[in-house]
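Student: Could we go through this structure together, a topic at a time? I'd like to start with what the record says and then move on to the side chains.

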Amino acid sequence: MSSGGGSVASLWTEVNRCGQNGDFTRALKAVNKILHEVKEDVTALHCKIVCLVQNCSFKEALNVMNTYSKHPNLLPRSLLLFFTRMTVSDLLNQLNSQDEYEEERKTNLSAVVAAMSTWEKASPDDLGLSETTYELSYNAACTLIGRGQLTEALNKLQEAEELCRVFFSEDSDITEEDVESELAVIHSQMAYIMQLQGRTEEALQLYNQVIKLKPSDVGLLAVTANNIITINKDQNVFDSKKKVKLTNADGVEYKLAKKQLQAIEFNKALLAMYTNQADQCRKLTSGLQSQNPGHPRPVLIQVAQLCREKQHSKAIELLQRFSDQHPDSASGIKLTMAQLYLTQGHVTKACDILRSIEDFKHKQGMISALVSMYSHEEDIDSAIDVFSQAIQYYQSEQPGSSVHLALVREAADFKLKYGRKKEAISDLEQLWKQNTNDIHTLAQLISAYSLVDQDKAKSLSKHLPSPESMSFNVDVDELENSHGANYVRKKAAKVTGENPPKEQGQGDVKKKKKKKKKGKLPKNYDPTANPDPERWLPMRERTYYRGRKKGKKKEQVGKGTQGATSGAASDLDASKTASSPPTSPRPGSAQASASTSAPAASNVVPPRQQKPATAGPGARKKAPQKKKKGSKSGW
């Protein structure tokens, strides 16, 4: 016995040393040896549960707790936080005792209340828990989120952040990184509220800050990564594929609630669809459908995948099968089915599906959609039947309400629009009885009775106001010139200068319209010949263009004085005339004296005394000057 006692004491020493060092695996082995020696040792049981929780062996810890459920007062805080996710708040109410764990029990109790508000949409009674710690403030904010009070929840989270900073500021050993790590869960919840409020950019920034901190809580990382994926949707798929790995960490299934895990799996299936992994998407949705047979979301994801593959008929069959098997949760399924019918152009089938949804059958939006679709198909009788059923429903449920009277008015106007005046009489009578001062409705009623019962129309016409009471002193010119008039008659502009003012009674002089001049045709136009189809193209781009011949115009270039042509150039070349003396002899020479005293031997005229010769057939004509104004020829 003494040896056993000494052995147990040494084992307790080992447990204490391993616990201080954080080596819970070796501590668990020592605790198991103690329980083998002393099976009813409550302290050893307590230590074993703590070691299992610290090692994330939650299932085994739960089994131990269920086995030794006679001592719930000794459960540690971490186990209580886990255990409250598996049970209701009655257990924690039984633990309301005064000891050193009182504050932790209040924290866990507030966590249970927050979970019930968020996941079960329940509103538990106020337990009177004071929010003196940042954990209590955080749980109170989660409760407000479950109730939909997002602004109040965000303010409560800011209070929790301040309390957390104040709490850790008193400890000099805590670094700023430790504080930010502790605040990560608060910041992630703030980002979630911003996401619900539509402030996605701010939410995404906060989420990424939490991811960069790399907190040790795998549940926090999984939820934060999942929310980033929901913001990305079908965009930034590469980032989503990296974030989805954080949701697969070990121990996540023990840190999150069932609905959280379910939402993560749904998003994995959607991400597989967005990344064109059809087989993976079908595999995930099949597993989700087997785990949640009555949930419509796995079926909707499968339908979306089939639609991406252009298999609309299979998608409709899948929706119809689920609707028949689960009629209680078939409202969203039928809406999707109607949408698919509309995309295929089957409007009447879509209307039949919509009218079979009892939850939305008499909603104003549904009535408007049905009437619009039946009108598009020119099925006026079915549209009137929709109005009649809706009016009958509100007549029995909410008679005389604004919705009821609005439907009666719309039905009457619809019948009058399509010439169904006889059918509109009952609706118009009901509206006029509600308000006998409504002259517009009375006029419509008289017009409808004039086709059925003229005596009734005459008797109702007595209720119309007299013409004297309906006449108004209206200035027509002022009315037309008012800002609200659709058409304003323009006044003649004031003329300054030579035009005298018009006399009274003189009408406006109409301006003469300028007649368009017909285009002039070319002189060589032949009306019998077909016009050149390439006449609008430049000459170089026409098929019959052969280019210019080289050297054709070299001889035509004039080399004489300005104004001379190529035709006279050869006549002016003295070298080509054999008997002609030089036209400019050197002074003092014999030839010079002979030329001045005797007539010239030839009839050559000096260049300055020549007249310009007429251009030959090969010379270019001077282009005529373009007119400043004139009509273009059509050819």
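**Talking through the model**

Student: Which residues does UniProt give for the feature "repeat: TPR"?

Tutor: The unreviewed UniProt entry places that feature at residues 184–217, and please keep in mind throughout that what we are looking at is a predicted model.

Student: How much helix and strand is there over residues 184–217?

Tutor: That stretch is 79% helix and 0% strand, and its end C-alpha atoms lie 10 Å apart. For the chain as a whole, the secondary structure comes to 29 helices and zero strands.

Student: What percentage of the residues is buried?

Tutor: Of the 635 residues in the chain, 31% count as buried, while the exposed area is about 43,800 Å², with carbon and sulfur atoms supplying 50% of it. Among contacts with a separation of 6 or more, residues 24 or more positions apart account for 48%.

Student: Switching to charges, how many salt bridges turn up in the whole structure?

Tutor: The search finds 18. One of them pairs Lys156 with Glu131, whose closest N and O atoms are 2.8 Å apart. This pair links distant parts of the chain, 25 residues apart, since Lys156 is in helix 9 (residues 150–169) and Glu131 is in the loop between helix 7 (102–119) and helix 8 (134–146).

Student: Are Lys156 and Glu131 buried or exposed?

Tutor: Lys156 has a relative accessible area of 17%, so it counts as buried, the cut-off being under 20%, whereas Glu131, at 34%, is partly exposed.

Student: And where do Glu161 and Arg165 sit relative to each other?

Tutor: They are four residues apart in helix 9, which means that about one helical turn separates them. Salt bridges that share partners join Glu161, Arg165, Glu176 and Glu180 into one network, and within the Glu161–Arg165 salt bridge the closest N and O atoms are 3.4 Å apart. Glu161 is buried at 17% relative accessible area, but Arg165 is partly exposed at 32%.

Student: What about Glu14 and Arg26?

Tutor: Their side chains meet in a salt bridge at 3.3 Å, N to O. Glu14 lies in helix 1 (residues 2–21) and Arg26 in helix 2 (residues 24–37), so the pair ties together parts that are 12 residues apart in sequence.

Student: Last topic: how many disulfides are there?

Tutor: The structure holds zero disulfides. As for individual cysteines, Cys142 counts as buried at 9% relative accessibility, and Cys164 is also buried, at 0%.

Note on methods: Residues numbered from 1 in each chain as written. Predicted model: local features only at pLDDT ≥ 70, side-chain atom pairs only at ≥ 80, totals over all residues. Heavy atoms only, no water. UniProt positions renumbered as here; feature names shortened; annotations may be inferred. Helix = DSSP H or I, 4+ residues; strand = E, 2+ residues; numbered from the N terminus. Disulfide = S-S within 2.5 Å. Buried < 20%, exposed > 50% of the residue type's maximum accessible area, 1.4 Å probe, protein only. Contact = heavy atoms within 4.5 Å. Areas by Shrake-Rupley, 256 points an atom, 1.4 Å probe, with all protein chains shown as cover. Salt bridge = Lys/Arg side-chain N within 4 Å of Asp/Glu carboxyl O.
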